[in-house]
Amino acid sequence: MNVRTRSSAIIATLCLVTSLALTSASADESATGPGPRAVAALTPVAKATSPTAGAAGPGDTLWIAERAGTVRVLDGSGLGTPVLDISDETTTDGERGLLGIAFDPAFAHFYISFTDLEGTTTIDEFAVEDGRLQPDTRRTVLTQEQPYANHNGGDITFGPDGYLYIALGDGGSGGDPHGNGQNLGTLLGKLLRIDPGGGDPYAIPADNPFVDDANAEDEIWAYGLRNPWRFSFDAGTGDLLIGDVGQSDWEEINWASADSAGGENYGWSSMEGTHPFRGGTEPADHVPPVHEYDRTGLGCSVTGGFVYRGDALPELRGSYVFSDYCDGTLRTLRIEDGRVTDEGDLGVNGGEVISFAQGGDGELYVLNIAGTVFRVDPA
C-alpha cells in the first residue's frame, strides 16, 4: 500500500505509513497526450469499513475484504453480514491487515492474503460449496515473514493460466535497505506464481522462470518490485498490469504480454521507474514501466486497476483504469504492444481510492478507504 500521507487526517484514516515523507504527483505528459474522456459517473452501491480488496464471486456477487479482517458479499441487496471474520488474527498496525482475496476460476476455493499478529504475510485457502465458505477446510498455503510493517504488497489473483499469483513488497522501511528487490534469494519484492492445488501446501509450475536456478526461489515470476499494491490481468487479452508504488519521486505501471515467459526485472531498487535510484545502475535486463508519473501535482501512491471489459461504457472498453490514493482521479491508458498510445481520465474522482474490483460481468468498482464502494457507470 505504502501511501505516504501529507496530513494527520490521512494517517488517522489509514495508518499506512510510518516513516516516508510525502511529495505529490501528476500524470506524465511525455506520452501521446490526453485522449477523449469517457462519459462516466461513480454510483455508490455500498458502505464498507475500510475496504481493501474485492473479487468477483459465484452467482454474480462481488466479495469485499475489509482491512480489519472481515469479508462481506455485495449483491442486489447491498453488503451482507460477514461471511468470514479473522479480525482476531490480524492487525491494522502500519500497512497490515486483510489485504487481498481471490477465487479460483471454478469458484471451488477462496483465498485470503493477510498479515498475522506477528506481521507475517499469510495466504490461506477455504473450500467453497454452493457459494459458501467451508470453515473446516481452511489451510495455510504460503507464509512470508515481513521485516517491517509497511510494503506488504498483499494482492492475489488467478491468472489466465489457472495459477495463483501473489504480490509481495520489498519488506518495508524505505529505500529497500536489505536489497530485496534485486535479490532472487528472497520472495520479497516479487510477483510469485504457484499452483495451490497441485501439491501440499502447493506446487511450483514447471515453467516458472527460475526453477533451474539454484540461486533463486522457484516461486518467483517477476522481480524488482517495491510495493506492487494492486495488479491485474486483462480479461480480454491476458496481459499483466502492475501498479507499483514509488519511493519518493515516481509512480509506475508495469506491463507484460500474455505470452510472457516471466522473469521480468522491473528495476527496484536500482531504478525508480525509468530513473536510477540513489545512484543505482540500471540492470541490463531492466524492463521499464509502460507508464510513470512524477509527484509535482496531487498524487502520491498509484492504485492499480483493471482493463475495462464491461458493456456499460463501450467507449471505455480496452482502456486500463487506475488511480492514485492522494489524487483520486480515475485515469485511463490505452496500451498497444506494450506502448501507451493514449492517456486520459474519466472526469470523476473517487477520493482516497485504495483499490478497484472487477465484477464477473466486467464492470468496475472503486473502493474508497473511507468506506464507499462505487460502481463506474455511464453519466
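In this predicted model, isoleucine 242 touches Leu191, Leu225, Pro228, Arg230, Phe231, Glu252, Ile253, Asn254 and Tyr266, when residues up to four places away in sequence are not counted. The residue lies in strand E17, which spans residues 240–244, and it counts as buried because its relative accessible area is 1%, where buried means under 20%. One of its contacts, Ile253, is in turn among the residues that touch the most other members of the largest nonpolar core, and the points below proceed from that core to the pocket, the cavity and the backbone.

**Overall make-up**

- The protein has one helix and 28 strands, and of its 379 residues 61% count as buried.
- Among contacts with a separation of 6 or more, 58% are accounted for by residues 24 or more positions apart.
- The protein exposes about 13,900 Å², of which carbon and sulfur atoms supply 46%.

**Nonpolar cores**

- In soluble globular proteins, nonpolar side chains tend to be buried together.
- The largest nonpolar core holds 29 residues, and those touching the most other members are Ile253, Tyr320 and Phe322. Two or more residues of this core come from each of strand E4 (61–66), E18, E22, strand E23 (320–324), E26 and strand E27 (364–368).
- A second, separate core has 19 residues, including Val141, Ile156, Phe210 and Tyr223.
- Isoleucine 253, once its neighbours within four places in sequence are left aside, is in contact with Leu241, Ile242, Pro289, Val290, His291, Val302, Tyr320, Phe322 and Leu333; Tyr320 and Phe322 in that list belong to the largest nonpolar core.
- Isoleucine 242 and proline 289, both of which are in contact with isoleucine 253, are 47 residues apart in sequence, and their C-alpha atoms are 9.2 Å apart in space.

**Threonine 332**

- Threonine 332 has its place in strand E24, residues 329–336, and with a relative accessible area of 11% it is buried, so it falls under the 20% limit.
- Apart from neighbours within four places in sequence, threonine 332 is in contact with Leu316, Ser319, Tyr320, Val321, Phe322, Asp342, Glu343, Gly344, Asp345 and Leu346. Tyr320 and Phe322 are thus contacts of threonine 332 and also contacts of isoleucine 253.

**The largest pocket**

- The largest pocket has a volume of about 710 Å³. It is lined by 32 residues, and the closest to its centre are Ala56, Thr157, Phe158, Phe306 and Gln358.
- At least two residues of the pocket lining are supplied by each of strand E3 (51–57), strand E8 (98–103), strand E12 (156–158), strand E16 (230–233), strand E22 (302–307) and strand E26 (353–358). Strands E22 and E26 also give two or more residues to the largest nonpolar core.
- By class, the lining of the largest pocket divides into 16 nonpolar, eleven polar and five charged residues.

**The cavity**

- Rolling a probe the size of a water molecule over the atoms shows where empty space is left. The count here comes to one cavity of 30 Å³ or more, and the largest cavity has a volume of about 40 Å³.
- The lining of the largest cavity consists of Arg226, Asp244, Val245, Gly246, Trp250, Glu252, Trp268, Met271, Glu272 and Gly273. Strand E18 (250–256) and strand E19 (271–272) are the elements that give two or more residues to this lining.
- Four nonpolar, two polar and four charged residues make up the cavity lining; one of its members, Glu252, is also in contact with isoleucine 242.

**Backbone features**

- Tryptophan 268, one of the residues lining the largest cavity, is joined to serine 269 by a cis peptide bond with omega about 5°. Serine 269 lies in the loop between E18 and E19.
- A cis peptide bond with omega about 5° also joins aspartate 200 and proline 201, and proline 201 lies in the loop between strand E14 (190–194) and strand E15 (220–223).
- Serine 50, in the loop between strand E2 (41–47) and E3, has a phi near 45°, a positive value in a residue other than glycine. Its relative accessibility is 22%, so serine 50 counts as partly exposed.
- Phenylalanine 107, in the loop between E8 and strand E9 (109–115), likewise has a positive phi, near 55°. With a relative accessible area of 32%, phenylalanine 107 is partly exposed.

Terms used: Residues are numbered from 1 along each chain as its sequence is written. This is a predicted model: local features need pLDDT of at least 70, side-chain atom pairs count only at pLDDT 80 or more; totals for chains, interfaces and linings use all residues. Side-chain values use heavy atoms; hydrogens and water are left out. Helices (H or I, at least four residues) and strands (E, at least two) are DSSP runs, numbered from the N terminus. Buried means under 20% relative accessible area, exposed over 50%, partly exposed in between (1.4 Å probe, protein chains only). Contact means heavy atoms within 4.5 Å. Accessible areas come from the Shrake-Rupley method with a 1.4 Å probe; for residues, only the protein chains shown count as cover. On a 1 Å grid over the protein atoms alone, a cavity is a set of points where a 1.4 Å probe fits but cannot get out, and a pocket is an open set with protein on both sides within 12 Å along at least five of seven lines; lining residues have an atom within 4 Å of a point. Grid points are joined across faces, edges and corners, and a volume is the space filled by probe spheres set on the points. Ala, Val, Leu, Ile, Met, Phe, Trp, Tyr, Cys and Pro count as nonpolar, Asp, Glu, Lys and Arg as charged, and the others, Gly among them, as polar. A nonpolar core is a set of buried Ala, Val, Leu, Ile, Met, Phe, Trp, Tyr and Cys residues joined through side-chain atoms within 4.5 Å.
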